[in-house]
Amino acid sequence: MKRVVVTGIGLITPLGNDVQSFWNHILSGVCGIDYITRFDTENFKVKIAAEVKSFDPTNYMEKADARRSDLFSQYATAAAVQAMSDSNLTDINPERLGVYVGSGIGGMQTFTAETLKLAEGGPKKVSPFFIPMMISNMAAGNIAIRFNAQGPCLPVVTACATSSHAIGEAYRAIQHGYADAIIAGGSEATITPLAVAGFTNIMALSTTNIPAQSSLPFDKRRDGFVMGEGAGIIILEEYEHACNRGAKIYAEMCAYSNTCDAYHMTAPQPDAIGATKAIQYVLDESGIAENSNVYINAHGTGTPLNDKAETLAIKKAFKGKTERVAVSSTKSMTGHMLGAAGGVEAIVSVLALRDQILPPTIGYEEQDPDCDLDYVPNVARKSTADYAISTSLGFGGHNAVIAFSKVKE
């Protein structure tokens with residue numbers, strides 16, 4: 001099968017809207033969480049989120065296109081523009097360029113705004129752009145239109161595992177020869193009253209309401225995740241195609257797995273069977289040896305059940321031999337970006353390999369006996385990692401695991 005490499009990256013995040021700013025903030029342990037500014041939270045139990053700041057869609061698209069796009073689609077397009085520019089992928093057969101970009105929820109901003117128009121003014125007040133702005137495949141569609149990508153186009157929707165599944169399915173498509181390059185990742189923009197209320201009432205969110213002490217992955221004090229937003233997009237490309245055009249290569253993608261807990265709508269399996277199998281499959285496919293140094297960018301949401309189950313899955317998959325495994329959760333800084341999380345965390349994984357430095361899990365103070373791995377607490381660390389693995393675990397029991405390695409000649 002064909003080899004697949006990463007040749008471009010782009011993102012919009014609570015820690016910066018370009019890769020270098022974001023990466024500097026990640027390595028410095030900056031917290032992107034603050035009090036919500038999008039709406040009045042006086043009557044809300046949760047008052048904090050990780051909002052994208054200073055985003056201007058007209059830096060990436062025409063004003064008319066921005067008006068006809070939900071915020072999640074704007075974020076996705078902006079990240080794709082960055083990634084395509086970074087890759088310098090300008091000369092490719094349109095039928096060999098694909099787009100695999102998903103969203104866990106889609107156009108929530110549009111959905112809530114148009115619902116209010118209907119309730120207050122009747123059906124004639126609903127925008128004719130309501131449907132194309134709201135449906136979650138439209139980010140992929142808009143990106144395909146922007147770059148004339150006429151190859152395979154697959155917008156994945158698997159809740160918090162969306163981006164990782166999109167990247168993984170793109171990897172397989174290139175492996176099997178269906179495309180030479182694919183724009184892959186995900187986007188989310190759901191910091192709205194309805195979404196915050198919904199996640200609060202399902203008891204998924206932290207209610208601490210202290211920005212620096214709310215997203216606490218693997219810490220004993222954790223009480224839920226903090227909502228984030230943004231987009232993360234990578235360019236996956238067939239290795240020979242990339243070499244022939246002299247592309248800059250960040251890393252090689254070397255494995256992907258997709259399993260389901262088939263257990264509960266929102267809770268992970270207590271024995272972590274599904275997540276364990278997903279990690280095991282990646283270890284097998286990538287050929288990671290026992291003496292390899294491995295970095296895992298964990299799903300690490302900061303919910304009591306997720307972090308306990310994910311820790312157990314890692315230990316079981318590595319058969320207890322975790323001395324060479326370092327784990328961190330960058331959600332401690334970005335919050336949980338839902339359908340965008342896997343895309344951004346794939347970028348973190350690739351940059352950690354490139355620069356041989358591990359991002360920290362910030363806010364980590366109190367050890368949980370059920371979470372006893374090396375979580376790179378609070379300060380970034382120099383690394384000799386041979387592989388970087390990113391895990392994503394979504395509502396519905398969806399498990400996606402992807403792996404990257406340094407490029408082997």
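**Entry 1: Ile314**

I started with Ile314, which I found in helix 11, residues 304-317. This is a predicted model, so I read every value here as computed from a prediction. Is Ile314 buried or exposed? Its relative accessible area is 1%, and because buried means under 20%, Ile314 counts as buried. I then listed what Ile314 touches, leaving out residues up to four places away in sequence: Ile279, Ile296, Thr322, Val327 and Leu373. I also looked up a distance to Gly98, which is 216 residues from Ile314 along the chain. The C-alpha atoms of Ile314 and Gly98 are separated by 32 Å.

**Entry 2: Gln269**

Next I went to a loop residue. Gln269 sits between strand 7 (251-260) and helix 10 (273-286). With a relative accessible area of 12%, Gln269 is buried. Which residues does Gln269 touch, not counting those up to four places away in sequence? I noted Asp261, Tyr263, Gly274 and Ala309.

**Entry 3: strand 12**

I spent a good while on strand 12, residues 387-394. Eight of its eight residues are buried, so strand 12 is largely enclosed by the rest of the structure. I checked the two faces separately. On one side I have Tyr387, Ile389, Thr391 and Leu393, and on the other Ala388, Ser390, Ser392 and Gly394. Both faces are covered, since all of these residues are buried. As a reminder to myself, side chains in a regular strand alternate between the two faces of the sheet.

Then I looked up the strands that pair with strand 12. Strand 8 (residues 294-297) pairs with strand 12 in the parallel sense, over four bridges. Asn297 has Ser390 of strand 12 as its bridge partner. Strand 13 (residues 398-405) pairs with strand 12 in the antiparallel sense, over eight bridges. There, the bridge partner of Leu393 is Asn399 in strand 13. Strand 12 and strand 13 form a hairpin with three residues between the strands. In that hairpin, Gly396 takes a positive phi near 90 degrees.

**Entry 4: nonpolar cores**

I moved on to the nonpolar cores. Which residues touch the most other members of the largest one? Leu236 and Phe404 do, in a core of 48 residues. Helix 13 (residues 341-355) gives this core its largest share, nine residues. Apart from it I found another core, of 30 residues, which includes Ala76, Ala139, Ala181 and Ile183. The general pattern is that nonpolar side chains tend to be buried together in soluble globular proteins.

**Entry 5: positive phi outside glycine**

I wrote down two residues with positive phi that are not glycine. Asn88 has a phi near 55 degrees. Its place is the loop between helix 3 (71-87) and strand 4 (97-102), and Asn88 is exposed at a relative accessible area of 52%. Met203 has a positive phi of about 65 degrees. I found Met203 in the loop between helix 8 (193-201) and strand 6 (230-238). At 74% relative accessibility, Met203 is exposed.

**Entry 6: cysteines**

How many disulfides does the structure hold? I found zero. For Cys31, the nearest cysteine sulfur is that of Cys160, 19 Å away. Cys31 is partly exposed, with a relative accessible area of 27%. Why is Cys260 not bonded to Cys160? The Cys160 sulfur is the closest cysteine sulfur to that of Cys260, but the 14 Å between them is too far for a bond. Cys260 is partly exposed as well, at 42% relative accessibility.

**Entry 7: the whole chain**

Last, I stepped back to the full chain. I noted 13 helices and 13 strands. Along the principal axes, the C-alpha atoms fill a box of roughly 65 × 50 × 40 Å. The radius of gyration is 20 Å, which agrees with the value near 22 Å that a compact globule of 409 residues would have. Of the 409 residues, 61% count as buried. Among contacts with a separation of 6 or more, residues 24 or more positions apart account for 80%. The accessible surface comes to about 16,000 Å², and 52% of it belongs to carbon and sulfur atoms.

Definitions and conventions
Residues numbered from 1 in each chain as written. Predicted model: local features only at pLDDT ≥ 70, side-chain atom pairs only at ≥ 80, totals over all residues. Heavy atoms only, no water. Core = buried A, V, L, I, M, F, W, Y, C linked by side-chain atoms within 4.5 Å. Buried < 20%, exposed > 50% of the residue type's maximum accessible area, 1.4 Å probe, protein only. Pairing = 2+ DSSP bridges. Disulfide = S-S within 2.5 Å. Rg over C-alpha atoms; globule rule 2.2 N^0.38 Å. Contact = heavy atoms within 4.5 Å. Areas by Shrake-Rupley, 256 points an atom, 1.4 Å probe, with all protein chains shown as cover.
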